[in-house]
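Subject: Structure handover

Hello,

Here is the structure for your files. The sequence and coordinates come first, and my notes are below them.

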Amino acid sequence: MDDKEALDALVRDMHALKASLRKNQPLLRNLMLGRGWGILSFEMGIGTAGFAVICHFLVSAYGSFGAIPTALKLCLIAFIVAVNAVGIVYKLFLVARRSRELEQGMSLGPLISLYFTGPMLHASLASVVLMLAGSLIAGFSGMPWLAVPIVCSLIVVPVNAIADMTGFKEYYLTGYACLAGGIAAYFLIASAPFLALALAAASAYFSFGIATTFAYKRRGRP
């Protein structure tokens, strides 16, 4: 294959990718307009941030998380596990229900693949690797709490990529709120790690709730 043929093949691939993105964009946009997204995000934000704030005051009272009475500690752990488990299950339910409304017979697998097209994959892969690597390094270094600001600040990349793909500029609010919340959390990690977690959770969940609410109100449910 000579240079001209290689260039022609590259141009054809680029046109095919653009056509695929144009085809999938309406479905992606409509999926992001579900009414339940904002409510779910606010609920998870309140639950996670509330858990972190309560833990902060209990640690201040007892001296450490380990010193908190076992029964109370187990209740707190059960609460935050339940909040996230219910949130994940309900999120999958919302996505599956919305996809059935928009595309009859579309399962969750092909739906997820719509988000991970070439540009989305490459935009997100580096940040996901950095999140995982940074969290592992923090854990092995004896500073596991550093994973909170690392993950929160790097979420800006995939969230802003979704904003680009769907055309919903409201989601830039979530991306940059996570970046700001993650950076601010760095300054709280040493002295108040649970408050850092509360700040990170609030910046992510509340900003996403606000963004989805504004997106829904501006465009309505198709």
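The notes below go from the whole chain to single residues.

Please keep in mind that this is a predicted model. The mean pLDDT of the protein chain is 78, and 71% of the residues reach 70 or more. Confidence varies between elements: helix α1 (residues 3-31) has the lowest mean pLDDT, 52, while helix α8 (residues 171-189) has the highest, 92. Over residues 13-24 the pLDDT is below 50. Beyond near neighbours in sequence, that stretch has 5 contacts in the model.

Overall fold

The protein chain has 9 helices and 0 strands. Of its 222 residues, 39% count as buried. Among contacts with a separation of 6 or more, 76% are between residues 24 or more positions apart. The accessible surface comes to about 12300 Å², and carbon and sulfur atoms account for 72% of that surface.

Nonpolar core

The largest nonpolar core has 7 residues: Phe51, Cys55, Leu58, Ile68, Leu76, Ile80 and Phe194. Two elements, α2 (36-62) and α3 (70-102), give two or more residues each to this core. The largest share, 3 residues, comes from α2. One of the core members, Leu58, is in contact with Gly63, Ile68, Leu72 and Leu76, leaving aside neighbours within four places in sequence.

Aromatic pairs

There are 6 aromatic pairs. One of them joins Phe65 and Phe194, with 5.7 Å from centre to centre and 35° between the planes, and is tilted. This pair links distant parts of the chain: Phe65 is in the loop between α2 and α3, Phe194 is in helix α9 (residues 193-219), and the two are 129 residues apart. Phe65 counts as partly exposed, at 26% relative accessibility, whereas Phe194 counts as buried, at 10%. Another pair is formed by Phe168 and Tyr171; the ring centres are 6.0 Å apart and the planes are at 35°, so this pair is tilted. Phe168 is buried, with a relative accessible area of 1%, and Tyr171 is buried with a relative accessible area of 1%. Ring pairs also link Phe51, Phe65, Trp145 and Phe194 into a cluster. Of these cluster members, Phe51 and Phe194 are listed in the largest nonpolar core.

Single residues

Met44 sits in helix α2 and is buried, because its relative accessible area of 6% is under the 20% cut-off. Leaving aside neighbours within four places in sequence, Met44 is in contact with Val83, Asn84, Gly87 and Tyr205. Met44 and Tyr205 are 161 residues apart in sequence, yet their C-alpha atoms are 6.8 Å apart in space.

Ser153 is in helix α6 (residues 147-154). Ser153 is buried too, with a relative accessible area of 11%. A polar atom of the Ser153 side chain lies 3.2 Å from the backbone oxygen of Ile150. Leaving aside neighbours within four places in sequence, the contacts of Ser153 are Cys178, Leu179, Gly182, Ile183 and Tyr186.

Phe187 lies in helix α8. Is Phe187 buried or exposed? Phe187 counts as exposed, because its relative accessibility of 69% is over the 50% cut-off. The C-alpha atoms of Phe187 and Pro149 are separated by 9.4 Å, and these two residues are 38 residues apart along the chain.

Regards

Notes: Residues numbered from 1 in each chain as written. Predicted model: local features only at pLDDT ≥ 70, side-chain atom pairs only at ≥ 80, totals over all residues. Heavy atoms only, no water. pLDDT = per-residue confidence, 0-100. Helix = DSSP H or I, 4+ residues; strand = E, 2+ residues; numbered from the N terminus. Contact = heavy atoms within 4.5 Å. Buried < 20%, exposed > 50% of the residue type's maximum accessible area, 1.4 Å probe, protein only. Areas by Shrake-Rupley, 256 points an atom, 1.4 Å probe, with all protein chains shown as cover. Polar contact = N/O pair within 3.5 Å; in protein donor to acceptor, adjacent residues only side chain to side chain. Core = buried A, V, L, I, M, F, W, Y, C linked by side-chain atoms within 4.5 Å. Phe/Tyr/Trp six-rings, centres within 6.5 Å; stacked < 30°, edge-to-face > 60°.
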